[in-house]
Amino acid sequence: MAVTTSTGGIHEGLAGRTAIVTGAAGGIGSAISAALTRGGVHVVGLDADPRVDEVMTSLGCSAVCGDLTDAAVGQAAIDLAITRTGRLDVVVNAAGIQKRTDAVDISDEDFHRLFEVNVSSAFRLIRQATKCLIETKGSIVNIASLSADRAVPGIVPYGATKSALTQLGKGLAAELGRYGIRVNTVAPGYIETPMTADVLGEEEFRTAKLNRIPLQRFADGDDVADVVTFLVSDAARYVTGVVLPVDGGYSIT
Ligand SMILES: NC(=O)c1ccc[n+]([C@@H]2O[C@H](COP(=O)([O-])OP(=O)(O)OC[C@H]3O[C@@H](n4cnc5c(N)ncnc54)[C@H](O)[C@@H]3O)[C@@H](O)[C@H]2O)c1
């Protein structure tokens, strides 16, 4: 893929920086990796899916394939960023899993796995990266969800993980601000990715949701990626601790 870089607008100050993006083989994470690359960022993409190698190679960037619940995998991404570029400026936690079931039917194992991937692993990666981010006055974006503060039958434990991630983001923004580190949260609505392929494949569900989205369309990964790029750029240099919905207006209806 030919990559052209730009330096102004949502790419302000990004050229020459280094980012770790988790979930980089997924719909949103791969779009974020591509958007940051267009701003001149070297991205270390991390994912459990081996396709992450292909995605990152096409962007001229680096990949780590592994399960984030293993602390060594997150550390490997940080080490690779430092070895390749000598710095780490940005961490984007986009890896995530969803379990669609009535809450009363979820197994202990699935419940714990949701929290382990969506909350504990994201938080651990931030802790592991903080020393490097202090040096660069870096920036963190966590991808939560609109379901963090809504009651959504069928994904109740998932929503609880996203509430926890959102609250961690606010608290970390308060604690890390003194180092010049900004921490923001993006709350996507319905984005067409492998995660939502099943529900958005159901005509009745699609129509019901579209009727509630003021912009009358679902999003793609790029719609989220541009907002993440803005948040980690210098254009958002005085923005920290926010939760920014990217939902076509769904949350106001
Ligand atoms: N698609 C949506 O509508 C939507 C809405 C709100 C929030 N989100 C959130 O956005 C993020 C990205 O979702 P997506 O839609 O791109 O889904 P996706 O399934 O396309 O991508 C998620 C990626 O995370 C990776 N991953 C999962 N567990 C991992 C682990 N333990 N270690 C390493 N990698 C792991 C997967 O392999 C996958 O590539 C998720 O956190 C999701 O909860 C998505």
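Helices α1 and α8 are oblique to each other, because their crossing angle falls in neither the roughly parallel, the roughly antiparallel nor the roughly perpendicular class. Angles under 35 degrees count as roughly parallel, over 145 as roughly antiparallel, 65 to 115 as roughly perpendicular and the rest as oblique. The axes of α1 and α8 cross at roughly 50° and come within 8 Å. Here an axis is a line fitted to C-alpha atoms, for helices over the stretch in contact, and angles run from 0 to 180 degrees between N-to-C directions. Helices (H or I, at least four residues) and strands (E, at least two) are DSSP runs, numbered from the N terminus.

The model is predicted: local features need pLDDT of at least 70 and side-chain atom pairs count only at pLDDT 80 or more, while totals for chains, interfaces and linings use all residues. Residues are numbered from 1 along each chain as its sequence is written, and side-chain values use heavy atoms, with hydrogens and water left out.

## Helix pairs

The crossing of α1 and α8 is right-handed. A crossing is right-handed if the near helix is turned clockwise from the far one by less than a right angle, and left-handed if anticlockwise. On the α1 side, the contact (heavy atoms within 4.5 Å) is made by Gly27, Ile28, Ala31, Ile32, Ala35, Leu36 and Arg38. On the α8 side, the residues include Gly221, Val224, Ala225, Val228 and Val232. By class, this contact holds 9 nonpolar, 3 polar and 3 charged residues. Ala, Val, Leu, Ile, Met, Phe, Trp, Tyr, Cys and Pro count as nonpolar, Asp, Glu, Lys and Arg as charged, and the others, Gly among them, as polar.

Helix α4 (residues 108–136) takes part in two further pairs, one with α5 (residues 156–176) and one with α3 (residues 71–85). The axes of α4 and α5 come within 8 Å and cross at roughly 15°, and the two helices are therefore roughly parallel. Their crossing is right-handed. Among the α4 residues in this contact are Phe111, Leu114, Phe115 and Ile126, and among those of α5 are Tyr158, Leu165, Leu168 and Leu172.

For α3 and α4, the axes come within 9 Å and cross at roughly 30°, which makes α3 roughly parallel to α4. This crossing is right-handed as well. Ala71, Gly74, Gln75, Ile78 and Ile82 of α3 meet Arg124, Leu125, Gln128, Ala129 and Cys132 of α4.

The table gives the residue classes for the two pairs that involve α4.

| Helix pair | Nonpolar | Polar | Charged |
|---|---|---|---|
| α4 with α5 | 15 residues | 3 residues | 1 residue |
| α3 with α4 | 6 residues | 3 residues | 1 residue |

## Nonpolar cores

A nonpolar core is a set of buried Ala, Val, Leu, Ile, Met, Phe, Trp, Tyr and Cys residues joined through side-chain atoms within 4.5 Å. Buried means under 20% relative accessible area, exposed over 50%, and partly exposed in between (1.4 Å probe, protein chains only).

The largest nonpolar core has 32 residues, and those that touch the most other members are Ile32, Leu36, Met56, Val92, Ile143, Val186 and Val228. Two or more residues come from each of β1 (18–22), α1 (27–38), α2 (52–58), β4 (90–93), β5 (139–143) and α8 (221–232). A second, separate core of 23 residues includes Ile20, Ile78, Leu125 and Ile140.

What does Ile143 touch, leaving aside its neighbours within four places in sequence? The contacts of Ile143 are Ile32, Val92, Asn93, Ala94, Lys162, Leu165, Val186, Pro188 and Val228.

## Single residues

Val21 lies in strand β1 and is buried, at 0% relative accessibility. Not counting residues up to four places away in sequence, Val21 touches Gly29, Ile32, Ser33, Leu36, Val43, Val44, Gly45, Leu46 and Val92.

Ser121 is in helix α4 and is buried too, with a relative accessible area of 1%. Beyond its neighbours within four places in sequence, Ser121 is in contact with Leu68, Thr69 and Glu116. Ser121 and Asp70 are 51 residues apart in sequence, and their C-alpha atoms are 8.1 Å apart in space.

Two loop residues have a positive phi although neither is a glycine: Lys137, at about 50°, and Gln216, at about 55°. Lys137 is found in the loop between α4 and β5 and is exposed, with a relative accessible area of 60%. Gln216 is in the loop between α7 (203–210) and α8, and is exposed at 63%.
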